Amino acid sequence: MKNVGSDNNIIDNQEDDQFIKDIASWAITFNIFHIALLALLVILRKYTHYLFPKDPRTLLKTPRHTAVIEMGLGQYCHFGLRNALEKMLDEYNKVLGRMPISLDIFINIDGLPIPKSSNSALWPILCSDTVLKSVFIVGAYYGQTKPQCNNDFLRHFVDEAILLINTELFYNGIKVKINFHGLICDAPARAFILSIKNHTGYNSCTRCTITGEYLDGRMCFPTTKIVDALRTDEDFANNKYDDFQTGETILKQIPNFGLVSSVVIDYMHLICLGVVKKLILLWVQGPRTVKLSQQLLNQISGVLLNLQNTKFMSHNLHTLLHICSDVQKYGPVDNFSAFRFENIKKMIRKNEKPLQQLSRRYSELNNFNMPIKKTIIKNNNEICFEKVHSNGPLIDDYNFSSEYKILRTKTYTIHSNSASNNCISLENGTVVSVLNLVKRSDNTKFIIGKKLKVVKDLYSDPVYPCTSKELGVQVMREDTAVCLWPCENIRNKMWKMPYDQNQFVVFPVIHT
Ligand SMILES: [Zn+2]
């Protein structure tokens, strides 16, 4: 069929819509350059009857214009906090089928260098929530240097944040409470936006008032105990830290957002890129006292002790002492790390006009309802049963239409006849050994199994930072009674390891 499509012919009305939309989604998912997509469109127009547009920008609904504000020596583009949160709520609706009562929001601010472009940098303000963890853009600055004034840079975001907290967000007629849960930045960005001493300063710890020492050309904090007073949100808000705070930050104006306790210690920057890199460099290239030879590899723990109380206790190593309090507040380190925000870098394809590129790529994603980070959420509707059998066990007085051996989701599999692969936990915390999988005639799915009862914690010695129970790890024993639970109550898979005389150690498999 002759292709009669034109760029003015909006693809939404065509009966072959879905194929065209799928090609557009594919191009966005795999970050296909427009020039490559242009060539593909020529082929698709030539060899198929589908009414593909000629121009990739029409296919992807790419905006032709980006609204930017002149700011100091650079430009700023405000994508909008409300706009970001509404997209977040749309995603909630789509993925979870409901609206949340409240959203706990992480804000990420960082300066990204533009490759091959001397000092120029892009400073995005990003947001993400604690459940779906997709990333949305609030605003971005681009200039030959970092923004000249932290408060000018933050103004549009802060004004919207205050308004949203004070008036609450109404979306589709439903009230959603907004909480600013944490700020995630690397040390230089943190110093800039909070107006605090750089991490090379004597009083640069964001959590305590320890004073560093200048040893061998670097700032060190040669103690492994937090002997100095911890900083407080109140004292920060009242500018009490003369030797730490170098100016004002309008982030203070956001209600209930503590600028000590809510500025998280991010393990991507601190541990993965910071302390681990430093340790490896010291072990490989450092002075004789800390350098490892092949023969010394079994003495690593001794070398770790050498790092204490010396000039190698850098700002980052000292900050490790404070990360425990963040784990207590936010959970596992990945809950509050900067990793999820890294994909933003992939949206910049060339050096010129990064703000405009960001705006276009972001619009393309939004036009096809695709978040920056692809979300994998366990959805109980996706539970499949496989391998029919008729061996039981069943529960008296219940009618089931079929029995199965295997339960499969996108992320894990349960085998009802394998003791090492049949353990799950329910939303209420109950742990169950699954013995059978059954369906009723209305297709609702159930598990039949034995509840596991807690015998004791695997460890609770005060030498550890927490008990094993707090990590979901316990010694358990199977009950004798066989019971029934609906599959919609399943939370995640557990790993059950034989322990002692009919007892097991049970571990949560967290990636499920
Ligand atoms: Zn400290």
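Start by selecting Lys 387: with 13 other C-beta atoms within 10 Å, Lys 387 is partly exposed. Keep in mind as you look around that this is a predicted model. The backbone at this spot deserves a second glance, since Lys 387 has a positive phi of about 65° although it is not a glycine. Most residues other than glycine have a negative phi. Lys 387 belongs to strand β11.

**Along β11 and into the next loop**

Now widen the selection to the whole strand. How many of the 6 residues of β11 are buried? The number is 0, so β11 lies largely in the open. Bring in β12 as well, and you will see that the two strands pair in the antiparallel sense, over 5 bridges. To check the register, pick Cys 384 and look across to Arg 408 in β12, which stands opposite.

Between these strands, β11 (384–389) and β12 (402–408), runs a loop that holds Pro 393. Zoom in on the peptide bond from Gly 392 to Pro 393: it is cis, with omega near 0°. Most peptide bonds are trans.

**Over to helix α1**

Next, select residues 17–29, which make up helix α1. For its 13 residues, a rise of 1.5 Å a residue gives an expected span of 18 Å, and the end C-alpha atoms are indeed 18 Å apart, which agrees.

Which residues of α1 are buried? Color Ile 20, Ala 24 and Ala 27 to see them. They cover an arc of only 60° around the axis, which puts them on the same side of α1. Show α2 (34–47) and α3 (56–59) too, because these are the helices that the buried residues of α1 pack against. Then turn to the other side of α1, where Gln 18, Asp 22, Trp 26 and Thr 29 are exposed.

**Past the end of α1**

Step on to Asn 31, which follows α1 and has a positive phi, near 55°. Asn 31 lies in the loop between α1 and α2. Is this residue buried or exposed? Asn 31 is exposed, because it has 12 other C-beta atoms within 10 Å, and 12 or fewer is the cut-off for that class. Add Lys 346 to the selection and draw a distance: Asn 31 and Lys 346 are 315 residues apart in sequence, yet 8.0 Å apart in space, C-alpha to C-alpha.

While you are in this part of the chain, select residues 23–44, which an unreviewed UniProt entry lists as "transmembrane region". In the model, this span is 82% helix and 0% strand, and its end C-alpha atoms lie 10 Å apart.

**One more positive phi**

Move to Asn 256, in the loop between α7 (233–237) and α8 (267–285). Asn 256 has a positive phi of about 55° although it is not a glycine. With 10 other C-beta atoms within 10 Å, Asn 256 is exposed.

**Zooming out**

Finally, show the whole chain. There are 12 helices and 19 strands to browse. Of the 512 residues, 30% count as buried. For the contacts with a separation of 6 or more, 63% come from residues 24 or more positions apart.

Technical notes
Residues numbered from 1 in each chain as written. Predicted model: local features only at pLDDT ≥ 70, side-chain atom pairs only at ≥ 80, totals over all residues. UniProt positions renumbered as here; feature names shortened; annotations may be inferred. Helix = DSSP H or I, 4+ residues; strand = E, 2+ residues; numbered from the N terminus. Buried ≥ 20, exposed ≤ 12 C-beta atoms within 10 Å, placed from the backbone. Expected span 1.5 Å × (residues − 1). Arc of directions from axis to C-beta. Contact = placed C-beta atoms within 7 Å. Pairing = 2+ DSSP bridges.
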